[in-house]
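Here's a small set of exercises to work through with the model open in your viewer. Try each task yourself before you read the solution.

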Amino acid sequence: MSRLIKANFSRLFKSIFFRVCLIFSAGLGIFLDIMRYIDIQRNQEIYDELGIEYKSADGFVFSGILYIIFAIAPFVAVFVGTEYSDGTIRNKLMVGHKRTEIYFANFIVCAAADIIILMSFIVACLVGGLILLRATSLMATQIIIFTLSQCVTMIGFSALLVLLAMLIQNKAGSAVTVLIMTIIMFFATMTIADRLRQPEYYEDYRETIVNEETGEMTVIPENVKNPRYLSGTKREIYEFLNKFLPINQFYQVAVENDENINIMALYSVIIIILANGAGVVLFRRKDLK
């Protein structure tokens, strides 16, 4: 399998799409730094009243992944789909390589490529932030923990993308499918996060009662039940999905929530095992046209 991995890495570093993703990722990090720097210069007095986290790149150094996933998804589909369109997979089988080896070689290289793209954003954003903003609110250990968390989640996300890409032979169809899946997961993430943020009661709600005889108004403060608040089994399901789904994990790190770091890492490992297990089984049964 080592020869397959080497061949895939060689093809990866020659890929124009991969280079474009790297440039986009690093450029996005630097762009966000520049925009923050310009905003600080224009609104110096406002930022002086805010905490240091508003003057640093820390606030968005881990949020870039929520944009990058929309480049990574089609990249994986195109990278794997090229093997189908060029007949490379059939050639590999003809020279004696096993389907399991082919599958894992693609997964390993795609996961590595996705992590490289992610790291290009994080490094560019941090370096640009230190140069332009010269401030940081996160400790080195926090940066390392959040970075490792996103890398583990990225491997799980890559496993899902490779699963779909290896089962759909049409390159364009594969790219559209993984992009749609990513969009659906993204909006599911936003919906889940919004519902879990809902308070159980509307605070400081005040009901005004008018005395019909005297005309006097009496204001009665009370807490009103929020109908959008989740409770019971439904809330438990939402909380599980918030920790389990890859893009939800990306979002929690993006907002610097480290409460569920350990359990999210475990769920990512489960996703990697399940996705690759299912992918290998289905790919071995697949009729390669």
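## Exercise 1: the nonpolar patch

Helix H2 (16–42) and helix H6 (99–132) each put at least two residues into the nonpolar surface patch. Keep in mind that this is a predicted model.

**Task.** Work out which residues make the nonpolar surface patch, and which helix gives the most to it.

**Solution.**

Step 1. List the members: Ile30, Phe31, Ile34, Met35, Tyr37, Val123, Val127, Ile131 and Leu132. Together they make a patch of about 750 Å².

Step 2. Look at who contributes. H2 gives the most, with five residues.

Step 3. Pick one member and check it. Ile131 sits in helix H6. Its relative accessibility is 56%, and the cut-off for exposed is over 50%, so Ile131 counts as exposed.

Step 4. Look across from Ile131 along the chain. Asp33 is 98 residues away in sequence, yet the two C-alpha atoms are separated by 9.3 Å.

## Exercise 2: salt bridges

**Task.** Find how many salt bridges the model has, then say which residues join into one network.

**Solution.**

Step 1. Recall the principle: side chains of opposite charge can pair when their charged atoms come close. The cut-off to apply is a side-chain nitrogen of Lys or Arg within 4 Å of a carboxyl oxygen of Asp or Glu. By that rule, you get three salt bridges.

Step 2. Start with Arg11 and Glu83, whose closest N and O atoms are 3.4 Å apart. Arg11 lies in helix H1 (residues 2–14) and Glu83 in helix H4 (residues 65–85), so this pair ties together parts that are 72 residues apart in sequence.

Step 3. Check how covered the two partners are. Arg11 has 25% relative accessibility, so it counts as partly exposed. Glu83 has a relative accessible area of 2%, so it is buried.

Step 4. Now try Lys92. This residue also bridges to Glu83, with the closest N and O atoms 2.4 Å apart. Lys92 is buried, at a relative accessible area of 10%.

Step 5. Go on to Glu239 and Arg235, which meet at 3.4 Å, N to O. They're four residues apart in helix H9 (residues 232–244), which means about one helical turn separates them. Glu239 is partly exposed at 33% relative accessibility, whereas Arg235 is buried at 17%.

Step 6. Put the shared partners together: Arg11, Glu83 and Lys92 form one network of salt bridges.

## Exercise 3: a lysine after a helix

**Task.** Decide whether Lys286 is buried or exposed, and list what it touches.

**Solution.**

Step 1. Locate the residue: Lys286 is in the segment after helix H11 (261–285).

Step 2. Compare its relative accessible area with the cut-off. Buried means under 20%, and Lys286 comes out at 18%, so it is buried.

Step 3. Leave out residues up to four places away in sequence and collect the contacts. Lys286 touches Tyr84, Arg99, Met166, Leu167 and Gln169.

## Exercise 4: the largest pocket

**Task.** Say how much space lies in the largest pocket, and which helix supplies the largest share of its lining.

**Solution.**

Step 1. Read off the volume: about 240 Å³.

Step 2. Go through the lining, which has 13 residues. Ala193, Leu196, Asn242, Gln252 and Asn257 lie nearest the centre of the pocket.

Step 3. Assign the lining to elements. Helix H8 (171–197), H9 and helix H10 (246–254) each supply at least two residues. H9 has the largest share, at four residues.

## Exercise 5: the whole chain

**Task.** Write down the order of the helices and strands from the N terminus, then find what percentage of the residues are buried.

**Solution.**

Step 1. Count the elements: eleven helices and two strands.

Step 2. Put them in order. From the N terminus on, they run α-α-α-α-α-α-α-α-β-β-α-α-α.

Step 3. Turn to burial. Of the 289 residues in the chain, 43% are buried.

Step 4. Look at the contacts with a separation of 6 or more. Residues 24 or more positions apart account for 79% of those.

Step 5. Finish with the surface. The accessible surface comes to about 15500 Å², and 62% of that belongs to carbon and sulfur atoms.

Conventions. Residues are numbered from 1 along each chain as its sequence is written. This is a predicted model: local features need pLDDT of at least 70, side-chain atom pairs count only at pLDDT 80 or more; totals for chains, interfaces and linings use all residues. Side-chain values use heavy atoms; hydrogens and water are left out. Patches are made of residues with over 30% relative accessible area and no salt bridge: like charges are joined within 9 Å, nonpolar side chains (Val, Leu, Ile, Met, Phe, Trp, Tyr) within 5 Å. Accessible areas come from the Shrake-Rupley method with a 1.4 Å probe; for residues, only the protein chains shown count as cover. Buried means under 20% relative accessible area, exposed over 50%, partly exposed in between (1.4 Å probe, protein chains only). Contact means heavy atoms within 4.5 Å. On a 1 Å grid over the protein atoms alone, a cavity is a set of points where a 1.4 Å probe fits but cannot get out, and a pocket is an open set with protein on both sides within 12 Å along at least five of seven lines; lining residues have an atom within 4 Å of a point. Grid points are joined across faces, edges and corners, and a volume is the space filled by probe spheres set on the points.
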